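Trainee: I am new to this structure and would like a close look at one part of it. Please start with a salt bridge and its helix, and then work outward to the rest.

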Amino acid sequence: MAREYWNSGRKWTVRGALLSLVLLTAAQVVLVIWVSYWHRELFDALENRSLSEFLRLILTFVLIFALTMGVTALHMHVKRWVQLDWRRWMTSLLLDEWLAHANHYRLQFSTGEHDNPDGRIAEDIRIATEAAVGLAHSLLYSVLILGSFIDILLSVSGSAYLPGTTVSVPGYMVLMAFVYAGVGTVFGLLLGRPLIRTTNRLQSVEASLRFGLARAREHSEAIALMHGEPLERRSADRLFADVGRGWDRQTFAYLGIVSFSTGYGTLLPVFPILIAAPQYIGGAMTLGLLMQAAQAFQRLTSALSWPIDNLGELARCRASIDRIVSLHDDILKLEAQDLKKATGKTRIELQQSTHAELDIRNLCLASPSGQILLQDFNLHVRHGERILITGDPAVTISLFKAVAGLWPWGGGLISLPAGHNMMFLPQRPFLPEGSLRAVLSYPHDADHFTLPCLHRALECAGISWLAPRLEDYDDWGRALPLRAQQRLGIARLFLQQPGWVFIEEATDAFDAKDEIDTLELLHHELPSATLLNISLHNGLDHFYDRKLVLERLRGTRVRPPAPEPSLLPET
């Protein structure tokens, strides 16, 4: 997934920004080396009590200070641009995959680690891209520091004799730096091993808590009417208890690594002075050389300690990457399953017909668990027909979703009418936040339809009282009662004038007279449209050419012989 970004159509812009980031990192290292030599000259000037040299070094430091601020600011700007651009690209990629072919809906019924996909796209991509760029920069910086300060430490530390022997060890401080950092890294990795697992677990339960609270907010009216607040509170307490347990596990994972890191960091400034002090006391080193050697030792050890210093960030980045890749892989599995539809045995195949007709052949509908709902079902619908569908809700709603491409469980072939100008109206229409004009025009842009057309649609749906509020912004799913929401869904039919309409109990909140009036208006305003309506209300048969009664198969998951569903003529 990362390689596609660096090789995308904008690769030269991206690579240019990456090259700038590398050059600015190198400039930061050069400034650090300059500061190291400046410190050496400063302590030598203090040891020699040279005022003129001291004043010159102050002016030099002003220049170093200004350059450091400029390079750091420019480096931060470029780094944050790369982080945001990579995040934008990866968010776009995952959104395209998630929203394509109703994958966002079908994932709910598939196995795998893809819970809270919204959190993975919004939060985990942010963490992964920001941390990856930050870690790459710090690793490059540490490698450059390592190469530079090995040379400095070799030149200033000289050699030392092993205690009690005449064996001389040249560049002994470099060797001690590697030993010090090596011991620290080994212990740090051993103590920090549980951190990745506990961090991943904590991120999952945090996302579950956010989702649970958001669900309660979205269904607040129903919860209030049912007086379900105590149950929701217990649910929130349970979710937060999971967060607490995840937090405690991460705390224990952090305990060892933080304790060790504290001792490791406390000893670091003192250790090089202790091992170089005999040379300074013996006169082999000036004060400036001693301080430069101590500083070079710290820089070298810090560079070698990159794994332990960044263990927490590595764990956080790895956990987020795992969550992103898990969602990406599960979506790819769905797409791979779609490629197997051609067999027509384990998946429902949708294809485009060459005629203006809906043709369903040998359809088998099953539940996600494998229970057969309907078997060997055939239906041919000509353009302009009106069909009433009743029966078992589990079967009728599954048929509705199968024709819409949302129900892959089962087998058979569904040939959609040529042009696919089909509009599906669920029981409760989706009303996004925004202006009422945008809600009514959905999924088209708000300015796609003229104002007279919008007014006419509202009038036909019986909600002309909403016309003055077309430009008002609101959360219409909360602001309107269910009956008005369903009327708004019907208004979309009058506005968008589809050639084929499939309705799923979208008038169940209407009384008998309102439902009859609505159907009469649909016949008048959409005279040539094909209408398939799932309804459980009686007394509507005279509006339709045929009535289809679907009953659920009673049995096991094996494909038993099944009677044909009754196809009744107009009554």
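**A salt bridge and its surroundings**

Mentor: Asp322 makes a salt bridge with Arg318, and the closest N and O atoms of the pair are 3.1 Å apart. The model is predicted, so the distances and contacts here are those of a predicted model. Both Asp322 and Arg318 belong to helix α13 (residues 311–338), where they sit four residues apart, about one turn of the helix. An α-helix has 3.6 residues a turn, so residues three or four places apart point the same way. Asp322 counts as partly exposed because its relative accessibility is 31%, and a residue is called buried only under 20%. Arg318, at 44% relative accessibility, is partly exposed as well.

Helix α13 also holds His328. His328 has 11% relative accessibility and therefore counts as buried. Leaving aside residues up to four places away in sequence, His328 touches Met1, Leu94 and Glu97.

The next stop is helix α3 (residues 51–99). Arg88 and Asp85 both lie in helix α3, three residues apart, about one turn of the helix. They form a salt bridge in which the closest N and O atoms are 3.2 Å apart. Asp85 is buried, because its relative accessibility is 5%. This pair is part of a network of salt bridges that links Arg10, Asp85 and Arg88.

Helix α3 has a nonpolar side to its story too. Leu46, Leu51, Phe54, Leu55, Ile58 and Val62 make a nonpolar surface patch of about 530 Å². Helix α3 gives the largest share of the patch, five residues. One residue of helix α3 is Leu55, which counts as partly exposed because its relative accessibility is 46%.

A further salt bridge joins Arg382 to Glu385, with the closest N and O atoms 3.7 Å apart. Its two partners fall into separate classes: Arg382 is partly exposed at 48% relative accessibility, whereas Glu385 is buried at 7%. In total the structure holds 25 salt bridges.

Now to the interior. The largest nonpolar core has 38 residues, and Leu440, Leu458, Leu488, Leu493, Phe494 and Ile503 are those with the most contacts inside it. At least two residues of this core come from each of β8 (422–425), α15 (436–441), α16 (451–460), α18 (482–496), β11 (500–504) and α19 (512–525). Of these elements, α18 supplies the largest share of the core, seven residues. Leu493 shows the contacts of one core residue: setting aside residues up to four places away in sequence, Leu493 touches Met423, Leu425, Pro498, Val501, Ile503, Leu522 and Leu526. Another core lies apart from this one; it has 29 residues, including Leu363, Phe400, Val403 and Leu416.

One last helix allows a check by arithmetic. Helix α6 (residues 172–192) has 21 residues, which at 1.5 Å a residue should span 30 Å; its end C-alpha atoms are 30 Å apart, so the two values agree. The expected span takes 1.5 Å times one less than the number of residues. The buried residues of α6 are Tyr172, Met173, Val174, Ala177, Tyr180, Ala181, Gly184, Thr185, Gly188 and Gly192.

Key:
Residues numbered from 1 in each chain as written. Predicted model: local features only at pLDDT ≥ 70, side-chain atom pairs only at ≥ 80, totals over all residues. Heavy atoms only, no water. Patch = residues over 30% accessible without salt bridge, like charges linked within 9 Å, V, L, I, M, F, W, Y side chains within 5 Å. Areas by Shrake-Rupley, 256 points an atom, 1.4 Å probe, with all protein chains shown as cover. Salt bridge = Lys/Arg side-chain N within 4 Å of Asp/Glu carboxyl O. Buried < 20%, exposed > 50% of the residue type's maximum accessible area, 1.4 Å probe, protein only. Core = buried A, V, L, I, M, F, W, Y, C linked by side-chain atoms within 4.5 Å. Contact = heavy atoms within 4.5 Å.
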